[in-house]
Amino acid sequence: MNLFFASFLFLIPILLLFRRLSSKRVPPGSLGIPFIGQSLALLGAMRANTAEKWAEERVRKYGPVSKLSLFGKPTVFIYGQAANKLIFSNEGNTVAFHQPQSMKMILGTRNLFELSGQDHKRVRSALARFLKPESLKQSVAKMDEEVRRNIEMHWQEKQQVTVLPLMKTLTFNIICSLMFGLEQGKHRDQFLASFQAMMEGLWSVPINIPFTRYSHSLRESARIQEMLKEVVQKKKIQLAQNEASPHQDLITSLLSMVDENDQQLITEREIIENAMLVMVAGHETSSILITFIVRLLAIDPTVCEAVLQEQEEIAKSKSSGESLTWEDLAKMKYTWRVALETLRMIPPAYGGFRKSLTDIEYGGYIIPKGWQIFWVTSMTHMDNSLFPEPSKFDPSRFENQGSIPPYCFIAFGAGTRICPGYELARIETLVAIHYLVTRFTWKLAADDLFRRNPTPEPTQGLPIQIWPRKLS
């Protein structure tokens, strides 16, 4: 009897949900198995690099709007320019930023991904103050130093390297140096090991049982938070004793922000969780972008020659050992167009999530209040009506970015949710590519296959054979 009663209680919310749905014009589709839904199918498709086909099959079966269940939540799948406009232009009114439960539990609820309204504006403004171009101009030399150190340690005197892990190490070191003021050493290495382990379970079914990706990521997240607490406390003491500048790194910048009553604007928890978010966003996007540019330059000699010519002109203007400057980066116009076209064809984020704050009429259907909205990036980037011959690599698409219709190229988001680290990613990418193309030539050393986990990555890490290059 008790078992029957327990089963009945379990079914009540499901019955209420179906009763509610029957009274609305919800999109077609199936919610699948309770809690699991289509989560495993999506994750499997991403890891097999068939996520685009998975989305296309949904569209063929149900149309451009459909319902499903992802990561334990009823969800509506959408894509395209109109979908992007709904996602990025209605922040706080009809939709709110929302991440899968796994990401929320691993990264926390007080980071920029989860905040909305005035809280989002307050924290975003604080991050933007440090990440704006005027501030980052002073950091070009430090990034230059990190790139050259990475090359000297891991590239010089080598005949073969594996690009992705080296780029992940490079961008993580840049984040640690610029954002946290952590120089090379044991502490930074501990951060990197825990961070890479944490990343494995960001998109996962949130069932906390031993030996799952989710459980492992939660454990590593707790370790990172403890390490960041130590960094924050150390920075507080340094600031109090005038041993640190409010502008020397992101954490001291956030700690130094106070209101008219001399109260700290950003809480310690917000500093820690947004530091973790910066680690994820700044590390993943740039390392993946640089890796796929290296891949492109190995298979497209025409683009490679044009990038090399632009970078050689800059290299010839520098004396031996002289760092790149902000003005040098401004001359790398073609190289950055190559980067943008790479992001169009292989966006680091396959898609993202929002939450409906009210019943939303969209595409002839109702997206019920409280549901997840899952939007896909790549289907818009590869839309022939927006980008003619979308499978053709063509950097000239970005010669005049104003000609690209709004809400069509969304590699860095749009509207109030555009990535505040855009300039940081641009500097990291251009500095790295400059030194790689002017010092080395290379070719692929393995099959050119990749998967999403959840970000795209070559299945073997992109091993390449390398040779020293002399300036022509």
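This is a short walk through a few spots in one protein structure, for anyone meeting it today.

Okay, before anything else: what we have here is a predicted model. I'll start with a sheet, move on to a hairpin and an arginine beside it, then look at two buried residues, and finish with charges.

So, the sheet. Three strands make it up, it's open, and the order is 4-12-9, with antiparallel pairing. On the edges you'll find strand 4, residues 160-162, and strand 9, residues 440-444, and each of those pairs on one side only. From one strand to the next, the twist averages 35°.

Let's look at how those strands are held side by side. Strand 4 pairs with strand 12, residues 463-468, over three bridges, antiparallel. If you want to find that on screen, look for Gln-160, which stands opposite Gln-465 in strand 12. Right by it in the sequence, Val-161 has Ile-464 in strand 12 as its bridge partner. Then there's the pairing of strand 9 with strand 12, also antiparallel, over five bridges. And who is the partner of Leu-444 in strand 12? It's Ile-464. So keep an eye on Ile-464: it bridges to Val-161 and to Leu-444.

Quick general reminder while we're here: in a regular strand, side chains alternate between the two faces of the sheet.

Now, what packs on this sheet? Strand 9 and strand 12 pair over five bridges, and helix 13, residues 268-299, touches both of them, running at about 85° to the direction of strand 9. Helix 18, residues 422-439, packs on the sheet too, touching strand 9 and strand 12, and its direction makes about 90° with that of strand 9. Hold on to helix 13, please, we'll come back to it.

Next stop, the hairpin. Strand 1, residues 66-70, and strand 2, residues 73-79, pair antiparallel over five bridges. Two residues sit between them, and Phe-71 in the turn has a positive phi of about 55°. One of the bridges links Ser-66 to Phe-77 in strand 2. Strand 2 has another partner as well: strand 8, residues 372-376, and here the pairing is parallel, over five bridges. In that pairing, Tyr-79 has Val-376 as its bridge partner.

Beside the hairpin there's an arginine I find fun. Arg-58 is in helix 3, residues 51-62. Does it sit buried or exposed? Buried, and yet it has no salt bridge: the nearest side chain of opposite charge is Glu-57, 8.9 Å away. What Arg-58 does have is polar contacts. Its side chain makes one with the side chain of Ser-66, at 2.9 Å. A polar atom of that arginine side chain also lies 2.9 Å from the backbone oxygen of Lys-67. Among the other residues Arg-58 touches are Gln-38, Leu-68 and Phe-77.

On to two buried residues. First, Phe-191, in helix 10, residues 186-199. Why do we call it buried? Because its relative accessible area is 0%. Around it you'll see contacts including Phe-172, Leu-182, Met-227, Val-231 and Met-279. Ile-224 is on the contact list too, and although it's 33 residues away along the chain, the two C-alpha atoms are separated by 6.6 Å.

Second, Thr-335, in helix 16, residues 333-345. Its relative accessibility is 2%, so it counts as buried. Among its contacts are Val-307, Glu-310 and Gln-311, along with Leu-430 and Ile-433.

Last topic, charges. In general, side chains of opposite charge can pair when their charged atoms come close. How many salt bridges does the structure hold? The count is 21. Take Arg-149 and Glu-145, whose closest N and O atoms are 2.9 Å apart. They're four residues apart in helix 8, residues 140-154, so about one helical turn separates them. Glu-145 is partly exposed at 44%, and Arg-149 is partly exposed at 21%.

Back to helix 13, as promised. Glu-273 and Arg-269 both lie in it, four residues apart, about one turn, and they form a salt bridge at 3.0 Å. Glu-273 is buried, with 6% relative accessible area, while Arg-269 is partly exposed at 47%. There's also a network: shared salt-bridge partners join Arg-110, Asp-119, Arg-122 and Glu-270. Within that, Asp-119 and Arg-110 come to 3.4 Å between their closest N and O atoms. Asp-119 is partly exposed at 30%, and so is Arg-110, at 23%.

That's my tour, thanks for listening!

How values were computed
Residues are numbered from 1 along each chain as its sequence is written. This is a predicted model: local features need pLDDT of at least 70, side-chain atom pairs count only at pLDDT 80 or more; totals for chains, interfaces and linings use all residues. Side-chain values use heavy atoms; hydrogens and water are left out. Two strands pair if DSSP finds at least two bridges between them. Axes are lines fitted to C-alpha atoms, for helices over the stretch in contact, and angles run from 0 to 180 degrees between N-to-C directions. Contact means heavy atoms within 4.5 Å. Buried means under 20% relative accessible area, exposed over 50%, partly exposed in between (1.4 Å probe, protein chains only). Lys and Arg count as positive and Asp and Glu as negative; His and the chain ends are not counted. A salt bridge is a side-chain nitrogen of Lys or Arg within 4 Å of a carboxyl oxygen of Asp or Glu. A polar contact is a pair of N or O atoms within 3.5 Å; within protein, one must be able to donate a hydrogen and the other to accept it, and residues adjacent in sequence count only if both atoms are side-chain atoms. Lists of a residue's contacts leave out its neighbours within four places in sequence.
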